[in-house]
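Ready to poke around a protein model? Work through the exercises below, and try each one yourself before reading its solution.

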Amino acid sequence: MSNNNRLVFGIIVCCLVMGLRPGHGADPFEGAPPLWPLVHEPAVIADLELSREKLERFRSLVDSFDTRFFPLRNHAAETVAGEVTEVLGELTVELQGLLSKAEYGRLLQIQLRVQGTPALMQPELAGLMQYSPEQRQELERVINDALTGTTALRERLAKGEPRAALEAEYIRLKAAEGKTIQSLLEPRQVALWNKLLGPDFALDRLGHPTYRAPEFFDSGHWINSEPVRLEDVSGKVVVVHFYACGCINCIHNYPVYLDWSRRFRGQDVAIIGIHTPETAVEASVEHVRERAAEAGFNFPVLIDPDKANWNAWGNSMWPSVYLIDKWGRLRSFWPGELRWQGATGDEWMAARIEELLAERKSPTPGD
């Protein structure tokens with residue numbers, strides 16, 4: 001298999017790993033520019049081969065931007081587009097100042113690999129490739145057809161069609177796209193494309209970003225606990241779930257939280273509820289306390305009457321469940337009811353809790 005063919009198939013794997021995955025956890029920053037998740041990916045950070053001192057500075061830098069990016073999650077893309085551009089622009093400048101030219105260049109190579117064939121039509125890259133008008137037209141057609149086909153497959157996947165068959169269909173779709181693109185590009189253009197992509201990178205290692213979780217805003221109203229900060233539960237796997245006591249989908253999740261409380265009792269697991277009101281009656285602190293007692297909650301619940309935590313986390317759905325690792329980093333996210341329409345989110349998230357419990361306690365992941 002030629003080097004160019006290996007690149008095509010690498011991009012296919014990446015799309016499968018990072019695409020729509022019913023029955024699996026969601027990407028908490030779905031739709032964000034590709035640079036954002038990449039600087040949180042342990043595999044990418046390891047590939048940069050940073051010195052320990054630079055690695056610490058890198059993580060500290062990215063962590064500082066997490067607190068600015070999280071609150072943008074629950075706004076419409078067009079509403080926060082300017083802010084996202086500003087934040088990522090500042091991050092880019094900081095990264096260029098921290099990383100060497102070769103290290104930053106490698107980050108851009110991996111980003112280009114993740115973007116895949118659509119990157120061929122980006123204005124800057126198209127200018128370098130110097131397409132003829134006929135080439136540009138044909139490339140746009142081929143790439144758009146593949147994107148349309150991919151969207152259709154994801155819609156079928158979301159409707160419950162068997163994943164394995166759709167994956168096979170997707171691989172055929174992308175292979176055909178890659179073969180056609182190869183036939184359209186001149187040798188010099190293929191050589192330039194490969195140069196821009198740089199050395200091989202196993203894209204199937206992606207899909208495991210870690211984000212610095214926002215600290216809790218203490219409203220002064222806690223159930224079953226004195227005020228808790230994430231730093232207080234450092235070294236534990238933390239389950240954070242947003243809910244509203246009158247939300248039926250939230251109520252359907254209650255048995256799962258109680259089961260996890262029993263299953264992981266005595267282990268390094270902390271379950272913390274954050275109650276953010278959806279209706280006027282749910283804004284009553286006493287009402288929330290009564291409903292929590294009726295539900296049998298024995299874990300801490302932070303009452304969030306002014307949506308301070310909801311907004312700090314950029315949460316947008318009742319219920320939502322987040323898994324935080326022993327280092328205070330967001331590792332998994334499930335929006336909505338865990339067992340919605342036959343989903344097995346409860347089992348999937350429980351398995352993730354087990355995985356996080358098994359991780360070593362001292363060094364930060366990626367070391």
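Contact here means heavy atoms within 4.5 Å. The model is predicted, so local features need pLDDT of at least 70 and side-chain atom pairs count only at pLDDT 80 or more, while totals for chains, interfaces and linings use all residues. Residues are numbered from 1 along each chain as its sequence is written, and side-chain values use heavy atoms, with hydrogens and water left out.

**Exercise 1.** Find what Trp-260 is in contact with, leaving aside neighbours within four places in sequence.

*Solution.* Start at Trp-260 and look around its atoms: the partners are Val-239, Arg-265, Ile-271, Val-321, Leu-338, Asp-346, Met-349, Ala-350 and Ile-353.

**Exercise 2.** Work out how helices H6 and H10 are oriented to each other.

*Solution.* First, locate the helices (DSSP runs of H or I, at least four residues, numbered from the N terminus): H6 covers residues 101-115, and H10 covers 187-197. Next, take the axes (lines fitted to C-alpha atoms over the stretch in contact, with angles from 0 to 180 degrees between N-to-C directions). They lie 7 Å apart at an angle of about 120°. Finally, classify: under 35 degrees is roughly parallel, over 145 roughly antiparallel, 65 to 115 roughly perpendicular and the rest oblique. H6 and H10 are therefore oblique.

**Exercise 3.** Which residues of H6 and H10 meet?

*Solution.* On the H6 side, pick out Arg-106, Gln-109, Leu-112 and Arg-113. Across from them in H10 sit Trp-193, Lys-195, Leu-196 and Leu-197.

**Exercise 4.** Compare the span of H8 with the expected one.

*Solution.* Helix H8 (residues 133-158) has 26 residues. Expected span is 1.5 Å times one less than the number of residues, giving 38 Å for H8. From first C-alpha to last, H8 reaches 37 Å, close to that value. Just after H8 comes Gly-160, with a positive phi near 105°.

Notes. Helices (H or I, at least four residues) and strands (E, at least two) are DSSP runs, numbered from the N terminus.
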